[in-house]
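Work through the exercises below with the sequence and the 3D view open. Try each task before you read its solution.

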Amino acid sequence: MLQLALLLTGAGFVRRNAPLLGILGLLWGGLGVSIFIDGLQGERHFPLHIFGILLLLESLATLMLAPSGVGTQKAVFYFKGGIFCFVALLILSGRESSNVLLAIVFGFAFFITGLFVMASAWVVRYQHWRQAFCGGFAQLLFGLFLFFPYPTHHHGTVSQFIGMIMILGGIQCLRLALRAFRLRDGVSVFTLLAPGGLLPEQEEAAPEPGESTPASDSLIVHIWTPAGSAASPPVPRPVFNRYIAAVDASGVISTGHAALEMPPDLYISLYPAQDIDRSPSEFFNTLKAIQENNVVGQFQESYPSEAAAWCESDRKIIFHDFNPEALRRYWAGYRKVEIYNLTWRNCSSSVVYGLEAALDGVLARRCGWLGFLRLFLIPELWIAAQLRKRAMTMAWTPGLALDYARALHAIVHPVRLSWFRRRRQDETP
């Protein structure tokens, strides 16, 4: 969440407040250590009931907003609100059985997350996968500790969980602050988020001399969903069809596609120059983000030509507030390398990183410290952060790119309506 908030507020805000960001990271992490030790001792200095009340209010607000969500966003809101409400009620009950249930819920969350990170790191082998594997193993061990809190007991489960979350957040904040100190003039926050090797050089590439840069008032994310781009109706498999691939009754596979358009002359749409072998026997080898799996890529010329050769995109997310110069700098460097990799450099990742570059500093003029803190109260920021975290450990797909773009659109172009009017608007046919 912090990374995306810094991206949206821009390099100027980050450079000015890097020292304060570092201090906040130290204080936040130190407070987390104190709360964690409090949980180990079981002395309950941390005000659990106040935390439970705040968590309950947060869950109720999320559940009230859930009906106005779009697509998967609605399901995420219901899931998040339901889990938070369940946890809040367990905290407020104060029973011994509640502590055991909380230990099971929190331990299960860390255990499953750790297993997912370890498995994805081992299979995909993305950059720094060994560090990610060790981090996942540490999460797995902490999940086991919550299950069996020897030599302490389950009374401190909530404090231990909150303390660990705050410690990890403080470490991340410190790391970003240290990198922010090295931000030079003319370098964007996108360079803090972009994975290594994305561009030919770490420094941002400038547009080529003489390149036309006409003004544009719209940025369009085109998504061909697997189900929507299939030649015939696919076999009903909701989650698989949404995020992986759709298969029709004849066995034809459709994986979907993603593209980014800034009319009239910028279009990002990456394909492999030749079809990749996706047979079951080569499935795991193809997923690895290694140089041996790099193939020659091919950028499409424009959306009209691509739509005429295939079909129209079935989902479009349009941004009107963005940074065209930052997008052009990203595109000037990215297009120099015509490489396609199914995991780390595919059509969806090209679009997502281009969108992030275009949104760099988009909220700078309307975001001081108060606005920066207010960003963390927006549910879509949490959704976007979770989607990015999961996609970075596996691969971006058109379905994930669609949900991510929708979440960012809700942050950049918020609906200026009350909750009641927003629900009425959604229910209007």
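Buried means under 20% relative accessible area, exposed means over 50%, and partly exposed lies in between. Keep these cut-offs at hand. Note also that this is a predicted model.

**Exercise 1. Classify the two partners of the salt bridge between Arg 315 and Asp 314.**

Step 1. Find the pair. The side chains of Arg 315 and Asp 314 meet at 3.6 Å, N to O.

Step 2. Take Arg 315. Its relative accessible area is 35%, so Arg 315 is partly exposed.

Step 3. Take Asp 314. Its relative accessible area is 26%, so Asp 314 is partly exposed.

**Exercise 2. Work out which parts of the chain are tied together by the salt bridge of Lys 80 and Glu 58.**

Step 1. Start with the contact. The side chains of Lys 80 and Glu 58 form a salt bridge of 3.2 Å, N to O.

Step 2. Place the residues. Lys 80 sits in helix H5 (residues 72-93) and Glu 58 in helix H4 (residues 48-65), so the bridge ties together parts that are 22 residues apart in sequence.

Step 3. Check the accessibility. Lys 80 has a relative accessible area of 7%, so Lys 80 is buried. Glu 58 has 32% and therefore counts as partly exposed.

**Exercise 3. Do the same for Glu 356 and Arg 388.**

Step 1. Their side chains meet in a salt bridge of 2.6 Å, N to O.

Step 2. Glu 356 belongs to helix H14 and Arg 388 to helix H16 (residues 379-393), so this pair links parts that are 32 residues apart in sequence.

Step 3. Glu 356 is buried, at 0% relative accessible area. Arg 388 is buried too, at 7%.

Step 4. Give the total for the model. The count is four salt bridges.

**Exercise 4. Lay out the open sheet formed by four strands.**

Step 1. Write the order: E5-E4-E1-E8. The pairing is antiparallel.

Step 2. Find the edges. E5 and strand E8 (315-319) each have a single partner strand, so one side of each has no neighbour in the sheet.

Step 3. Add the turn. Neighbouring strands are turned by 15° against each other on average, direction ignored.

Step 4. Look at E1 and E4. Strand E1 (residues 219-224) pairs with E4 in the antiparallel sense over five bridges. Ile 220 has Glu 261 in E4 as its bridge partner. Trp 224 stands opposite His 257 in E4.

Step 5. Look at E4 and E5. Three bridges join E4 to strand E5 (residues 266-268). Leu 260 has Ile 268 in E5 as its bridge partner. A hairpin of three residues joins the two strands.

**Exercise 5. Decide whether strand E4 is mostly covered or mostly open.**

Step 1. Count. Six of the six residues in E4 (residues 257-262) are buried, and the strand is mostly covered.

Step 2. Sort the residues by direction. His 257, Ala 259 and Glu 261 point one way, while Ala 258, Leu 260 and Met 262 point the other way. All of them are buried.

Step 3. See which helices lie across the sheet strands. Helix H14 (residues 347-358) lies across E1, E4, E5 and E8, at about 30° to E4. H17 lies across E1, E4 and E8, at about 35° to E8.

**Exercise 6. Which residues touch the most other members of the largest nonpolar core?**

Step 1. Recall the background. In soluble globular proteins, nonpolar side chains tend to be buried together.

Step 2. Name the residues. The largest core holds 69 residues, and Leu 219, Val 221, Leu 327 and Leu 359 touch the most other members.

Step 3. Find the main contributor. Helix H17 (residues 398-412) gives the most to this core, with nine residues.

Step 4. Follow one residue. Leaving out residues up to four places away in sequence, Leu 359 touches Leu 7, Leu 8, Phe 319, Asp 321, Phe 322, Leu 408 and Val 412.

Step 5. Look for another core. A second, separate core has 21 residues, including Ile 91, Leu 102, Phe 106 and Phe 161.

**Exercise 7. How far apart are Ala 326 and Ala 358 in sequence and in space?**

Step 1. In sequence, they are 32 residues apart.

Step 2. In space, they are 5.6 Å apart, C-alpha to C-alpha.

Step 3. Place Ala 326. This residue lies in helix H13 (residues 324-334). Its relative accessible area is 4%, so Ala 326 is buried.

Key
Residues numbered from 1 in each chain as written. Predicted model: local features only at pLDDT ≥ 70, side-chain atom pairs only at ≥ 80, totals over all residues. Heavy atoms only, no water. Core = buried A, V, L, I, M, F, W, Y, C linked by side-chain atoms within 4.5 Å. Buried < 20%, exposed > 50% of the residue type's maximum accessible area, 1.4 Å probe, protein only. Contact = heavy atoms within 4.5 Å. Pairing = 2+ DSSP bridges. Axes fitted to C-alpha atoms, helices over the stretch in contact; angles between N-to-C directions.
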